[in-house]
Amino acid sequence: MQEHRYTPPQLVELLAQAGLRLVGFEPPFQAQAAFRQAFWAADPLDMELWDRLEAAQPTLFAGMYQLWGQKA
């Protein structure tokens, strides 16, 4: 088994290649709080913002997160 690391925008790209669109994203509680503090009322499905947050705080996603895709 081999593990791969993807950025949030890369995950959206993978979903699109599979004919899906992002409809849900559930990061750890600490990451949600950091997102709200950094971007306040921004769209929580904006993966570019999550990418910026992760770059600024690399340990924020030490755990797993879940995302949901739906047929486009």
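The following legends describe an overall view and several close-up views of a predicted model.

In this predicted model, local features require pLDDT of at least 70 and side-chain atom pairs count only at pLDDT 80 or more, while totals for chains, interfaces and linings use all residues. Residues are numbered from 1 along each chain as its sequence is written, and side-chain values use heavy atoms, with hydrogens and water left out.

**Figure 1. Overall view of the chain and its elements.** Three helices and two strands make up the secondary structure of the chain; helices (H or I, at least four residues) and strands (E, at least two) are DSSP runs, numbered from the N terminus. Their order from the N terminus is α-β-α-α-β. A box of roughly 30 × 30 × 15 Å, taken along the principal axes, holds the C-alpha atoms. The radius of gyration, taken over C-alpha atoms, is 12 Å, which agrees with the value near 11 Å for a compact globule of 72 residues; the globule rule is 2.2 Å times the number of residues to the power 0.38.

**Figure 2. Close-up of the largest nonpolar core.** A nonpolar core is a set of buried Ala, Val, Leu, Ile, Met, Phe, Trp, Tyr and Cys residues joined through side-chain atoms within 4.5 Å. Buried means under 20% relative accessible area, exposed over 50%, and partly exposed in between (1.4 Å probe, protein chains only). The largest such core has 13 residues, and those with the most contacts inside it are Phe-35, Trp-50, Leu-53, Leu-60 and Phe-61. Strand 1 (20-26), helix 2 (29-39) and helix 3 (47-56) are the elements that each give two or more residues to this core.

**Figure 3. Close-up of the surroundings of Phe-35.** Contact means heavy atoms within 4.5 Å. When residues up to four places away in sequence are not counted, Phe-35 touches Trp-40, Ala-42, Asp-43, Pro-44, Leu-49, Trp-50 and Leu-53.

**Figure 4. Close-up of Gln-10 in helix 1**. Helix 1 spans residues 8-17 and includes Gln-10. This glutamine counts as partly exposed because its relative accessibility is 39%. Between Gln-10 and Ala-31, which are 21 residues apart in sequence, the C-alpha to C-alpha distance is 18 Å.

**Figure 5. Close-up of Gln-57 in a loop**. Gln-57 belongs to the loop between helix 3 and strand 2 (66-71). With a relative accessibility of 34%, Gln-57 is classed as partly exposed. Asp-43 lies 14 residues from Gln-57 in sequence, and their C-alpha atoms are 19 Å apart in space.
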